[in-house]
Amino acid sequence: MQHQNLHILVDMYGCPNRCKHCWIGHMQNKKMPDNSDEIIVDYFKPYFNSLTFYSWLREPDFCNDYEQRWIKDNQLSINANPQRFELASFWRLARDKNYVHFLKNVGVKKVQLTFFGMEEITDWYIGRKGAFNELLLATEILLNNEIAPRWQVFINANNSSDIINLLALSKKLKLSERCKAFGQDFNFFIHSGSCDGENKKLYTIRINKEDIPPELIPYYNNFSETKTESQLCELLINDESIFYYHNEDEITLNVSNNFDVYFNFTHMHPRWKIGNILTDDSKTIVQKIIDEDIPALNLAKKNRVKDLVKQFGNPKSHKIFDCIDDYKAYLLNELIDYEN
Ligand code: SF4
């Protein structure tokens with residue numbers, strides 16, 4: 001029996017960073033065996049109408065032969081082609097002068113770069129010294145090759161004032177004008193991120209809504225839609241519904257460097273694991289994928305939102321959440337951690 005369209009993201013090479021906001025969660029870097037890609041595609045292909053294969057799950061183009069890798073990812077995909085998603089490796093941009101030409105050749109027009117403020121705080125959040133300067137260098141390399149950088153910024157209580165300096169720097173560097181010169185827009189946008197993976201550990205420093213500096217509000221994504229935790233508790237305290245993730249026509253799987261399989265709903269923690277490609281037979285795993293039968297989702301289906309609010313919500317908190325589903329996801333992750 002054939003099912004929906006499948007996208008498979010595999011952590012074949014790892015990531016140079018250890019970002020404190022990483023929603024996937026931190027994992028050891030390990031290069032997977034060269035034939036892992038074929039093993040994984042052969043495992044799933046009998047069951048799906050189309051299959052898109054990505055050899056990266058964390059840092060794109062982290063392997064040295066990224067050009068060959070991109071060709072192979074395309075060759076392995078069936079009735080579909082992988083996308084670039086306006087993502088690229090700033091680590092590689094800062095080290096490999098040919099990389100930007102590759103990006104141009106595969107049609108990249110914009111690249112998102114993630115900041116947290118100026119040098120010290122950005123290096124701290126990304127987990128290594130030099131990251132901020134690499135981001136600035138990557139910005140220049142992209143501009144010189146008529147690719148528009150997009151600066152994404154995560155805000156918390158410990159970096160809000162530094163983001164004001166970062167915004168001033170983006171103006172001083174005339175990034176808007178320089179992007180306009182080749183017909184693109186420069187975007188500078190701020191958000192708080194979800195509460196998954198490493199970012200969930202930052203709940204204690206999640207910023208209160210009233211502490212967002214007024215000069216940053218025009219750059220905050222859909223600020224008028226954001227809510228404080230106390231507003232969300234009030235909204236959801238009588239909510240009888242169940243919050244859980246569900247796939248429609250597209251299914252996206254994350255595969256760890258140990259061949260563990262997860263949905264890409266949230267972080268890759270044991271309760272979200274579907275199974276393992278090397279030890280479980282494909283029919284069983286695919287049935288679990290179609291039925292969405294994993295411990296975390298089975299637990300989610302037994303708990304109403306109002307009960308999660310009662311157990312884990314803080315009606316006194318003014319911490320900002322960008323949307324109602326981010327807060328429900330936070331409550332669900334609290335439940336799953338609590339039950340562990
Ligand atoms: S957020 Fe991205 S770049 Fe940062 S540690 Fe996670 S996967 Fe790597």
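Begin by selecting the elements that cover the buried residues of helix α11 in this predicted model: among them are β1 (3-10), α1 (36-44), β2 (48-54), β7 (250-255), β8 (260-263) and β9 (273-276). Then select α11 itself, residues 282-291, and display the side chains of Ser282, Ile285, Val286 and Ile289, which are buried. Looking down the axis of α11, one finds these buried residues within an arc of 95 degrees, so they line one face of the helix.

Both ends of α11 merit a stop. At the N-terminal end, select aspartate 281, which caps the helix: one of its side-chain oxygens is placed 3.2 Å from the backbone nitrogen of lysine 283. Just beyond the other end, select glutamate 292, whose phi is positive, at about 50 degrees.

Next, select phenylalanine 44. Setting aside residues up to four places away in sequence, its contacts are Leu6, Ile8, Leu51, Leu253, Val261, Ile277, Ile285, Val286 and Ile289. Three of the buried α11 residues, Ile285, Val286 and Ile289, therefore appear again here. Phenylalanine 44 also belongs to the largest nonpolar core, which has 111 residues; Ile40, Phe44 and Trp272 are those with the most contacts inside it. To follow this core further, select α14, which supplies its largest share, 7 residues. In soluble globular proteins, nonpolar side chains tend to be buried together.

The tour now turns to charged side chains. The structure holds 20 salt bridges. Select arginine 178 and glutamate 140, which form one of them, with the closest N and O atoms 2.6 Å apart. This pair links distant parts of the chain, since arginine 178 is in helix α8 (residues 175-180) and glutamate 140 in helix α6 (residues 131-144), 38 residues apart. Arginine 178 has a relative accessibility of 27% and so counts as partly exposed; glutamate 140, at 25%, also counts as partly exposed.

Move on to glutamate 334 and lysine 200, another salt bridge, where 2.6 Å separates the closest N and O atoms. Here too distant parts of the chain are linked: glutamate 334 is in helix α14 (residues 324-339) and lysine 200 in helix α9 (residues 197-200), 134 residues apart. Is lysine 200 buried or exposed? Its relative accessibility is 12%, so lysine 200 counts as buried.

Then select arginine 304 and glutamate 240, whose salt bridge has its closest N and O atoms 3.1 Å apart. Both residues are in loops: arginine 304 between α12 (295-300) and α13 (305-312), and glutamate 240 between α10 (229-236) and β7, with their positions 64 residues apart in the chain. Each counts as partly exposed, arginine 304 at 32% relative accessibility and glutamate 240 at 47%. To view a network, select Asp37, Glu38, Arg69, Lys72 and Asp73, which are joined by salt bridges that share partners.

The last stop is glutamate 59, in the loop between β2 and α2 (66-76). Which side chain of opposite charge is nearest to glutamate 59? Arginine 128 is the nearest, 6.3 Å away, and glutamate 59 is buried without a salt bridge. Display serine 89 as well: its side chain and that of glutamate 59 are joined by a polar contact of 2.6 Å. To see the surroundings, select Gly14, Cys15, Pro16, Asn17, Ser89, Phe90 and Trp91, the residues in contact with glutamate 59 once neighbours within four places in sequence are left aside.

Note on methods: Residues numbered from 1 in each chain as written. Predicted model: local features only at pLDDT ≥ 70, side-chain atom pairs only at ≥ 80, totals over all residues. Heavy atoms only, no water. Buried < 20%, exposed > 50% of the residue type's maximum accessible area, 1.4 Å probe, protein only. Helix = DSSP H or I, 4+ residues; strand = E, 2+ residues; numbered from the N terminus. Arc of directions from axis to C-beta. Contact = heavy atoms within 4.5 Å. Polar contact = N/O pair within 3.5 Å; in protein donor to acceptor, adjacent residues only side chain to side chain. Salt bridge = Lys/Arg side-chain N within 4 Å of Asp/Glu carboxyl O. Core = buried A, V, L, I, M, F, W, Y, C linked by side-chain atoms within 4.5 Å. Lys, Arg positive; Asp, Glu negative; His and termini not counted.
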